[in-house]
Amino acid sequence: MGALACLPLAHSLPARAAAASADPTAPDMAVEEIAPGVFVHHGRYELQSPENMGDMANASFIVGDDAVAVIDTSGTAIAGQAFRKRIREITDKPIRYVINTHMHPDHVFGNVAFKDDDPEFVAHKNMKAGLSVRAETYLASSERMMGKEAMVGTEVILPTREIAEKEVLDLGNRKLVLEPQPTAHTNNDLIITDENTDTLFLGDLLFSKHIPTLDGSILGWLDLIDQLHGRKAARVVSGHGPVSMDMPASLNDEQRYWTVVADDIRKMIDENGTLEEAVKTAGYSEKDKWKLFDVYHRRNVTAAFAELEWE
């Protein structure tokens, strides 16, 4: 893995397995136009599986006068290809940018489907390092859960344009504002605003129905939610949840979940409770409020406990 950090930015890491003879059925990457020129595919509230081909996260695209920007691309090359096909049914304008909101496989493994379009692959300045280090683990985990056929053609595509501070991309009479965020869901969260329609894309900084997952900082995430509550937008697109939601009310459930988890863990720490005790009790008042709670909640508590015990 040490060599990965030395790869040039445009390099791609080959998939672990790509059986050329495999011909799996691609997922239906239907999209909804939530505002003029803004299209969103609704990902499923599921774990990776051979049946869904990694179609678990919302994926979007925005059409300007001159070009198209794609925001997240789903979780396999097959899903990404199906998404690209859907884009091409709507517009033949060049795909100039593929923007990733963060590094997780369900948002980036479809990038390879757009490689022949020769776009700029755009991400937070920290994403290249984070994705490089985890590439083999992510590929192996996805193959284990979905099988080799679902992973045919999947590669890890590293960013070619890294966002370190607020930047603007122009699609032709349509400007997208990109803003890198401090560590929250991950250490490489990027939010995007389409100025024409005042549509905000929060990626996995916003979960709805699907339980939030922590791969960064619970304290940072709660701080960022506080800041986002002061932000207005006509609509917001989540990483996992309905394709269009109200801002900032859409953040309330997520804020409540993380507050309950943090408060419960702090109480246990104050009472000299252990991690083993925390994962059995902390945050369980939220159990019936989220899909996939049993899959991710214990991991969230484990990560949050490790952070909060050093407050």
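Colleague: To start with one residue, where is Leu 292 placed?

Modeller: Leu 292 sits in the loop between α6 and α7, where helices (H or I, at least four residues) and strands (E, at least two) are DSSP runs numbered from the N terminus. This is a predicted model, in which local features need pLDDT of at least 70 and side-chain atom pairs count only at pLDDT 80 or more, while totals for chains, interfaces and linings use all residues. Residues are numbered from 1 along each chain as its sequence is written, and side-chain values use heavy atoms, with hydrogens and water left out.

Colleague: How should I read the backbone there, and what is the phi of Leu 292?

Modeller: As a general idea, most residues other than glycine have a negative phi, and most peptide bonds are trans. Leu 292 is not a glycine, yet its phi is positive, at about 65°. Asp 198, in the loop between β12 and β13, likewise has a positive phi, near 55°, without being glycine. As for the peptide bond, Met 247 and Pro 248 are joined by a cis one, with omega about 10°, and Pro 248 belongs to the loop between β14 and α5.

Colleague: Is Asp 198 buried, exposed or partly exposed?

Modeller: The idea is to compare relative accessible areas, where buried means under 20%, exposed over 50% and partly exposed in between (1.4 Å probe, protein chains only). Asp 198 is partly exposed because its relative accessible area is 32%. Lys 289, in the loop between α6 and α7, also counts as partly exposed because its value is 46%. Ser 208, in the loop between β13 and α4, counts as buried because its relative accessibility is 12%.

Colleague: Which residues are in contact with Ser 208, leaving aside its neighbours within four places in sequence?

Modeller: Contact means heavy atoms within 4.5 Å, and with those sequence neighbours set aside, Ser 208 has contacts with Tyr 45, His 240, Gly 241, Pro 242, Met 245 and Trp 290.

Colleague: How do the strands fit together, and in which order do they form the open sheet?

Modeller: Two strands pair if DSSP finds at least two bridges between them. Here five strands form an open sheet with mixed pairing, in the order β10-β11-β12-β13-β14. Its edge strands are β10 and β14 (235-240), each of which pairs on one side only. Going along the order, β10 (residues 167-170) and β11 (residues 175-180) are antiparallel over four bridges, β11 and β12 are antiparallel with five bridges, and β12 and β13 are antiparallel with three. In the hairpin of β10 and β11, four residues separate the strands, and Gly 172 takes a positive phi near 100°.

Colleague: Which residue in β12 is the bridge partner of Val 177?

Modeller: That partner is Thr 193, while Val 177 in β11 also stands opposite Val 168. Thr 193 lies in β12 (residues 190-194) and counts as buried because its relative accessibility is 11%. Its side chain makes a polar contact of 3.4 Å with the side chain of Arg 231; a polar contact is a pair of N or O atoms within 3.5 Å, and within protein one must be able to donate a hydrogen and the other to accept it, with residues adjacent in sequence counting only if both atoms are side-chain atoms. Not counting residues up to four places away in sequence, Thr 193 touches several residues, including Lys 175, Val 177 and Leu 200.

Colleague: What is a nonpolar core, and how many residues has the largest one?

Modeller: In soluble globular proteins, nonpolar side chains tend to be buried together. A nonpolar core is a set of buried Ala, Val, Leu, Ile, Met, Phe, Trp, Tyr and Cys residues joined through side-chain atoms within 4.5 Å. The largest here has 37 residues, and those with the most contacts inside it are Leu 202, Ile 218, Trp 221, Trp 258, Val 261 and Ile 265. At least two of its residues come from each of β13 (199-207), α4 (218-228), α5 (252-270), α6 (275-281) and α7 (293-308). A second, separate core of 21 residues includes Ile 62, Ala 67, Ala 69 and Tyr 97. Returning to Ile 265, its contacts beyond four places in sequence are Ala 282, Val 301, Ala 304, Phe 305 and Leu 308.
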